[in-house]
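This report looks at aromatic ring pairs and at one acidic side chain.

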Amino acid sequence: MSFPARAILDNALDAVGNTPLIRLDKIATQEGLKCNLLGKLEFVSAGGSVKDRIAKAMVLAAEKEGKLISGKSVVIEPTSGNTGIGLAMACAIKGYSVVITMPKKMSLEKEALLRALGAQVIRTPDEEPWDSPRSHIGVAQRLQREIEHGIILDQYRNVNNPLAHEYTTGPEIIASVVSTPSTSSRLSSMKVDAFIAGAGTGGTITGVSRALKRTHNSDCIIVGVDPIGSILAFPDNLNGTSEGKPYVVEGIGYDFIPEVLSRDVADVTHWVKTSDEDAFKAVQTLMRNEGLLVGGSSGSALSGALTWLKTEEGRVIAETEGLNVVVLLPDGIRNYMSKEWFLKNAFDDEHSDLAVRISGILAQEEADSVQRST
């Protein structure tokens, strides 16, 4: 058996990105879709999420600009966790100290991974608004003021956040689509016709949109997915009376508009709101139908994609064979295995036909054993 040559990498940062685009054919068939439904699988990146890309880009840019001093700089970052993990990985390699501030609702697994990579982790109250001095952003700002050589790379405002996706994620998607031939059994427009992604900082959807629209397909439809309770969706009336409602899904949605997010319709054509319930059902669907061990925000992205594909404009895409719809799947289940929603999904098989059959076999065996003993 022969394998394509793959060069030795210098370090883990060289294993960031370059993630596969995978057909979600079983889900497409179940949903009655004629288009190609494709998932961009980010959990295979070195640090386990799409946020590895911006962490690498922000650290390298800060070094180039002379903002990071070897042996002295302390990188401080407020995060939902994945950007922090990416930064902790990059700084472990580069030799910088790291402090991460993170709301309490974020998973224990994220904190454990951060600490394993050498980061200091400070938890902050979930209920604090973003501009409160007690929020994860406020605490990070205070630490930056008081720790010598402290620096916040600031994923919410750092231009290298969307640029990382404009220069890597978007071009990777384009390359995968245009290099896969259209055949009689698998028709393809040879273009990305729609792209759907959740929005947190908004860097991913903004950067990928610009790559797709500026260099590949100006007619590509971009759909942003925002959890119920967040205020990122546009126009604002989509957020309705649910603004500020707590939500469980991690890594997407905010109570403020990050500077790196473009809500301009030239960049994000449509928005869809999603619930925790729909997100976690979609995670189960991805796991049990496609074998993909994804996290909650991937479920939000898929749920939002399927919701949009049922709209008037979405149906035009959904019902056209060969059109390519790409859904970004930001991270894996590694970060959420202790979460109640995952455990419920994992053990929710007691009433399946096979489970009932197994129970019947074992119950009969036990009954036979009792009968023999009497």
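A salt bridge is a side-chain nitrogen of Lys or Arg within 4 Å of a carboxyl oxygen of Asp or Glu. The model examined here is predicted.

**An acidic residue in a strand**

Glu-77 is part of strand β3, residues 74-78. Its side chain takes part in no salt bridge although Glu-77 is buried. Lys-51 carries the nearest side chain of opposite charge, at 8.6 Å, and the cut-off for a salt bridge is 4 Å. A polar atom of the Glu-77 side chain does lie 3.4 Å from the backbone nitrogen of Leu-153. Leaving aside residues up to four places away in sequence, Glu-77 touches Thr-83, Leu-87, Val-99, Ile-100 and Thr-101, and also Ile-152, Leu-153, Asp-154 and Gln-155.

**Aromatic pairs**

Seven aromatic pairs are found in a search of the whole structure. Two of them are listed here.

| Pair | Centre to centre | Angle between planes | Class |
|---|---|---|---|
| Tyr-156 and Phe-256 | 5.4 Å | 65° | edge-to-face |
| Tyr-336 and Trp-341 | 6.2 Å | 40° | tilted |

The pair of Tyr-156 and Phe-256 links distant parts of the chain, with the two positions 100 residues apart in numbering. Tyr-156 sits in the loop between β6 (150-152) and α6 (160-178), while Phe-256 belongs to the loop between β8 (221-227) and β9 (270-274). Tyr-156 and Phe-256 are both buried. Ring pairs also join these two residues with Trp-130 and Tyr-254 in a cluster.

In the tilted pair, Tyr-336 is buried, as is Trp-341.

Methods. Residues numbered from 1 in each chain as written. Predicted model: local features only at pLDDT ≥ 70, side-chain atom pairs only at ≥ 80, totals over all residues. Heavy atoms only, no water. Phe/Tyr/Trp six-rings, centres within 6.5 Å; stacked < 30°, edge-to-face > 60°. Helix = DSSP H or I, 4+ residues; strand = E, 2+ residues; numbered from the N terminus. Buried < 20%, exposed > 50% of the residue type's maximum accessible area, 1.4 Å probe, protein only. Lys, Arg positive; Asp, Glu negative; His and termini not counted. Polar contact = N/O pair within 3.5 Å; in protein donor to acceptor, adjacent residues only side chain to side chain. Contact = heavy atoms within 4.5 Å.
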